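Please open the structure in your viewer and keep the sequence panel in sight. We will go stop by stop, selecting a few residues each time.

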Amino acid sequence: QVQLVESGGGLVQAGGSLRLSCAASGHTLSRYVMAWFRQAPGKEREFVAAIRWSGGRTYYADSVKGRFTISRDNANTMYLQMNSLKPEDTAVYYCAADDRGSDRGPYDYWGQGTQVTVSS
């Protein structure tokens, strides 16, 4: 079992920045892929970015390439640095983890989500 807790969401103006954190516990993460997904009101949940814990290879959705950066540290925390935010980035952001190796999922473990709101 992996427990995931997100933090760092909030309200920001368009063009601004936020950094989300996802603290993981309960299991060694060396075999895991961890990811960020988001879900806007009335829309399906969509992939944002992923990172392989071992080696640090990263993957991004086209909509966030060049603006968002996913990373992780040695303390089992994953981050999503979000720059040049747009109103269409408004969503609940979820972190996820899985040890089956695919960056796009499926993912077995999910956090509770954190709200990001970008005002125009």
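Select asparagine 76. Its relative accessibility is 26%, so it counts as partly exposed, because buried means under 20% and exposed means over 50%. Asparagine 76 sits in the loop between β7 (68-72) and β8 (77-82). Now check its backbone. Phi is near 60°, a positive value in a residue that is not glycine. Most residues other than glycine have a negative phi. Keep in mind that this model is predicted.

Next, select serine 84. Where is it? It lies in the loop between β8 and β9. Here too the residue is not a glycine, yet phi is positive, at about 50°. Is serine 84 buried, exposed or partly exposed? At 41% relative accessibility, it counts as partly exposed.

Stay in that loop and select aspartate 89, which also lies between β8 and β9. Is aspartate 89 buried or exposed? Its relative accessibility is 1%, so it counts as buried. Now show the side chains. That of aspartate 89 makes a polar contact with the side chain of arginine 67, at 2.7 Å. Then add lysine 86. Its backbone nitrogen lies 2.8 Å from a polar atom of the aspartate 89 side chain.

Aspartate 89 leads to the next stop, the largest pocket. The volume of this pocket is about 160 Å³. Which residues are closest to its centre? Select Arg38, Lys43, Glu46, Glu88 and Asp89; these are the closest of the 13 residues that line it. Colour the lining by type: eight residues are charged, three are polar and two are nonpolar.

Now switch to a cartoon view and find the open sheet of four strands. Their order is β1-β3-β8-β7, and the pairing is antiparallel. Which strands stand at the edges? They are β1 (3-7) and β7, each with a single partner strand, so one side of each has no neighbour in the sheet. Look along the sheet for the twist, which averages 15° from one strand to the next.

Start at one edge with β7 and β8. These two run antiparallel and are joined by five bridges. Select arginine 72, then methionine 78 in β8: they are bridge partners.

Cross to the other edge. Here β1 pairs with β3 (residues 18-25) over five bridges, again in the antiparallel sense. One bridge to pick out links serine 7 with serine 21 in β3.

While β1 is selected, show its side chains. In a regular strand the side chains alternate between the two faces of the sheet. Which side chains of β1 point to the buried face? Leu4 and Glu6 point to one face and are buried. Gln3, Val5 and Ser7 point to the other face and are not buried.

Move on to valine 33, in strand β4 (residues 33-39). At 1% relative accessibility, valine 33 counts as buried. Add threonine 58 and draw a distance between the two C-alpha atoms. The pair is 25 residues apart in sequence and 9.6 Å apart in space.

For the last stop, select glycine 105 and proline 106. What kind of peptide bond joins them? The bond is cis, with omega about 10°. Most peptide bonds are trans. Proline 106 is found in the loop between β9 (91-98) and β10 (109-110).

Note on methods. Residues are numbered from 1 along each chain as its sequence is written. This is a predicted model: local features need pLDDT of at least 70, side-chain atom pairs count only at pLDDT 80 or more; totals for chains, interfaces and linings use all residues. Side-chain values use heavy atoms; hydrogens and water are left out. Buried means under 20% relative accessible area, exposed over 50%, partly exposed in between (1.4 Å probe, protein chains only). On a 1 Å grid over the protein atoms alone, a cavity is a set of points where a 1.4 Å probe fits but cannot get out, and a pocket is an open set with protein on both sides within 12 Å along at least five of seven lines; lining residues have an atom within 4 Å of a point. Grid points are joined across faces, edges and corners, and a volume is the space filled by probe spheres set on the points. Ala, Val, Leu, Ile, Met, Phe, Trp, Tyr, Cys and Pro count as nonpolar, Asp, Glu, Lys and Arg as charged, and the others, Gly among them, as polar. Two strands pair if DSSP finds at least two bridges between them. Axes are lines fitted to C-alpha atoms, for helices over the stretch in contact, and angles run from 0 to 180 degrees between N-to-C directions. A polar contact is a pair of N or O atoms within 3.5 Å; within protein, one must be able to donate a hydrogen and the other to accept it, and residues adjacent in sequence count only if both atoms are side-chain atoms.
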